[in-house]
Amino acid sequence: MNPVELQFRTATLGGFHKQDVLDYIELMTREQAGRLETAERERDEAIRERMALEEQTTADQEAKAGLEQQLADRDKCLSEAEAALMKAQAALAQEQTRREGLEMQVLELEERLAKVEPAAEAYESVKDRTAGIELEAHHRAKLVELAAQEKIQGMKNELQQWIQTSKAEYSHLRAEIDATITRTAGELELIQGNLQGLSGVFVDQDLALEILVEQFQQTLSQGSSSKAVADKDSASAHSKKDAKASGTRS
């Protein structure tokens with residue numbers, strides 16, 4: 001029954017029919033209870049959703065902490081790789097020093113050859129040997145240098161590729177985590193607004209029920225007053241009638 005379309009029957013002695021008012025109050029009470037039950041279910045569902053979102057937010061934060069730990073581990077690996085690179089560079093420097101020593105030895109041999117120039121055969125023999133030593137020294141130094149440079153370049157390329165990949169993965173995952181946290185915060189604000197709206201509905205329904213009860217009490221008071229007035233008028237009419245009858249008999 002729609003409260004707007006409800007019409008109370010008028011009582012005989014004034015006011016509204018009591019049973020109509022009681023039926024209306026009972027109907028409004030049931031409807032109010034149904035609305036309250038629905039609102040409570042919606043509130044409970046909103047609380048559960050908020051708890052689930054909070055748990056998801058906690059999981060995202062834990063995942064973010066794990067990612068940061070992984071990045072710290074990768075930074076440690078990068079530091080170790082840089083230390084290995086520095087060690088390789090130091091080995092290359094030592095090899096270059098060794099090559100310079102060999103070159104000094106070649107120079108010394110050449111000086112000795114210059115001193116024994118009258119002995120042609122000995123000179124030629126020493127010269128050939130010196131040339132062989134020089135070529136071998138240069139060849140070995142060149143091979144060592146090339147191998148070291150190739151190894152260093154390979155390590156640099158691998159490190160650069162690994163750093164770029166790590167940065168891309170971190171940026172992507174960081175963007176996803178930030179988006180998830182932002183979306184979760186928005187949903188929590190929406191749920192909070194819905195809960196506040198439900199509280200306002202409860203207040204409005206309580207106020208409407210209080211007004212209805214007050215109107216019912218006023219209706220009952222008016223009905224009682226009308227009945228008292230009617231009884232008084234009836235007694236006065238009977239008194240006048242009795243007085244008139246007595247005068248006629250006299």
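The legends below describe close-up views of a predicted model.

**View 1. The whole chain, built from two helices and zero strands.** Helix 1 covers residues 18-115, and helix 2 covers residues 120-249. Of the 250 residues in the chain, 16% count as buried. The exposed area of the chain is about 18600 Å², and carbon and sulfur atoms contribute 54% of that area. Among contacts in the chain with a separation of 6 or more, 78% join residues 24 or more positions apart. Seven salt bridges are found in the structure, and three of the views below show examples.

**View 2. The salt bridge between Glu 26 and Arg 30.** The closest N and O atoms of this pair are 3.0 Å apart. Both residues belong to helix 1, and because they are four residues apart there, about one helical turn separates them. Glu 26 has a relative accessible area of 45% and is therefore partly exposed. Arg 30 is likewise partly exposed, with a value of 49%. Side chains of opposite charge can pair when their charged atoms come close.

**View 3. The salt bridge between Glu 31 and Arg 35.** The N to O distance between the two side chains is 3.9 Å, which falls within the 4 Å limit for a salt bridge. Glu 31 and Arg 35 are four residues apart in helix 1, so about one helical turn lies between them. At 35% relative accessibility, Arg 35 is partly exposed. Glu 31 is also partly exposed, at 25% relative accessibility; the class of buried residues is reserved for values under 20%.

**View 4. The salt bridge between Arg 43 and Asp 44.** In this pair the closest N and O atoms are 3.6 Å apart. Arg 43 has a relative accessible area of 34%, which makes the residue partly exposed. Asp 44 is partly exposed as well, with a relative accessibility of 31%.

**View 5. Ala 46 and Leu 188, two residues set 142 residues apart in sequence.** Ala 46 is located in helix 1. The C-alpha atoms of Ala 46 and Leu 188 are 9.3 Å apart in space. Ala 46 counts as buried because its relative accessibility is 9%, and the cut-off for that class is under 20%.

**View 6. Glu 145, a buried residue of helix 2.** The relative accessibility of Glu 145 is 16%, so this acidic side chain belongs to a residue that counts as buried. Outside its neighbours within four places in sequence, Glu 145 is in contact with Leu 92, Gln 96 and Arg 99. Those three partners fall within residues 18-115, the range of helix 1.

**View 7. A negative surface patch made of Asp 204, Asp 206, Glu 210 and Glu 214.** One of these residues, Glu 214, is placed in helix 2, which runs over residues 120-249. Glu 214 is partly exposed because its relative accessible area is 46%. That value meets the requirement of over 30% for patch residues.

Key
Residues are numbered from 1 along each chain as its sequence is written. This is a predicted model: local features need pLDDT of at least 70, side-chain atom pairs count only at pLDDT 80 or more; totals for chains, interfaces and linings use all residues. Side-chain values use heavy atoms; hydrogens and water are left out. Buried means under 20% relative accessible area, exposed over 50%, partly exposed in between (1.4 Å probe, protein chains only). Contact means heavy atoms within 4.5 Å. Accessible areas come from the Shrake-Rupley method with a 1.4 Å probe; for residues, only the protein chains shown count as cover. Patches are made of residues with over 30% relative accessible area and no salt bridge: like charges are joined within 9 Å, nonpolar side chains (Val, Leu, Ile, Met, Phe, Trp, Tyr) within 5 Å. Lys and Arg count as positive and Asp and Glu as negative; His and the chain ends are not counted. The place of a charge is taken as NZ of Lys, CZ of Arg, CG of Asp or CD of Glu.
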